[in-house]
Each structure stands twice: as C-alpha cells, then as structure tokens.
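Let's take a friendly walk through this model, going from strand pairing to charged side chains.

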Amino acid sequence: MGETFTTEIQARYRDINLAGHVDNVEAVRVLDEARYEFLRFARLPGLPGDAVGLLHGLDDGVSELVASQTIEYHSEMRFVPYQPFLASLWVTRIGRSSFTVAAELRVEAGGGPAALWECVNVLWDHTAQSAWPISEAVRADLERYAGEPPQMRR
C-alpha cells in the first residue's frame with residue numbers, strides 16, 4: 001500500500017441528531033471535507049516546493065466532481081465535544097479521467113472504523129466542458145497514495 005493521508009475534522013453541534021449521535025448525512029459531510037483537504041490543501045510529503053493537495057498539478061480550469069459515493073456504517077458515532085473525527089484517505093483506482101478515494105472514519109484514535117467510504121471523482125475541464133484526461137504528473141501523484149479498496153460488506 002502507498003501512503004495514507006490522515007486528518008482531523010472537528011465535530012460540530014449541527015452534526016448530531018435528536019438521538020445524540022452523528023447523523024448519517026453529516027458523516028458524509030465530514031468525509032467530504034477530509035477528501036477536499038486531501039485533494040486541495042494538504043501539505044503532502046514529496047510534493048514539489050510549495051505545492052499543496054494531491055491535485056496540485058491540475059491545469060487551470062480543471063476541478064474534481066463527485067460521480068458517486070458508497071458508505072458503510074460500522075459503529076455508532078457519538079458526539080464528543082472537542083474530540084475531532086479522524087479520517088484516513090487513500091486512492092484505490094485511477095482511470096483515464098477519474099479516480100476513487102477511499103476513507104476510514106474513526107471517532108477516536110485507536111478505535112475501529114465507524115464508517116468506510118469510497119468516492120469516485122471525475123476531473124472536469126470547465127473550459128472544454130468535458131472530462132480532463134489525467135496527466136502523467138497527476139497520475140504519478142495519485143499513485144503515491146494507491147492502496148486496496150476498503151473491505152466493505154457488499
């Protein structure tokens with residue numbers, strides 16, 4: 001397995017429902033926030049100069065769009081004030097113009113995954129209004145974080 005990106009996402013009061021646990025929709029929001037940090041803002045090892053985010057090498061006018069998401073919940077996610085969620089992310093598939101990011105979401109360090117997630121991202125060229133073929137440089141960056149898909153129950 002390649003490298004894995006791990007980040008903390010602070011829990012918010014709006015994340016909980018009347019039962020006192022994190023709402024299933026909010027768990028997806030937490031994972032999406034971690035995905036966005038991984039792809040756009042993280043200072044990842046091995047990136048050139050001041051580059052940030054796994055997609056630092058995209059051409060101007062190219063962004064990632066979510067094509068699909070799959071999530072499995074494995075345990076209840078109770079809200080604990082000031083205790084961030086821990087998300088670990090990696091890349092499981094790289095296609096011609098799309099790639100899949102996988103994640104494990106934990107409520108606490110050392111705990112098992114509360115949720116497993118896969119998100120297919122399509123690179124979109126807004127000027128051409130078409131899918132953007134992944135360049136060799138971007139592909140090489142994605143491959144640094146390549147790993148196996150999470151073991152989902154499906």
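A good starting point is the hairpin: strand E3 (residues 85-94) and strand E4 (residues 98-106) pair in the antiparallel sense over 8 bridges, with 3 residues between them. Strands here are DSSP runs (E, at least two residues), as are helices (H or I, at least four residues), both numbered from the N terminus, and two strands pair if DSSP finds at least two bridges between them. Within this hairpin, Ser88 stands opposite Glu104 in E4.

E3 also pairs with strand E1 (residues 5-9), again in the antiparallel sense, over 5 bridges; here Glu8 stands opposite Leu86. Of the 10 residues in E3, 8 are buried (under 20% relative accessible area; exposed is over 50%, partly exposed in between, with a 1.4 Å probe and protein chains only).

A word on the ground rules: this is a predicted model, in which local features need pLDDT of at least 70 and side-chain atom pairs count only at pLDDT 80 or more, while totals for chains, interfaces and linings use all residues. Residues are numbered from 1 along each chain as its sequence is written, and side-chain values use heavy atoms, leaving out hydrogens and water.

Now for the charges. There are 9 salt bridges, each a side-chain nitrogen of Lys or Arg within 4 Å of a carboxyl oxygen of Asp or Glu. One of them joins Arg40 and Glu64 at 2.7 Å, N to O. This pair links distant parts of the chain, helix H1 and strand E2 (residues 62-73), 24 residues apart. Glu64 is buried at 9% relative accessibility, whereas Arg40 is partly exposed at 22%.
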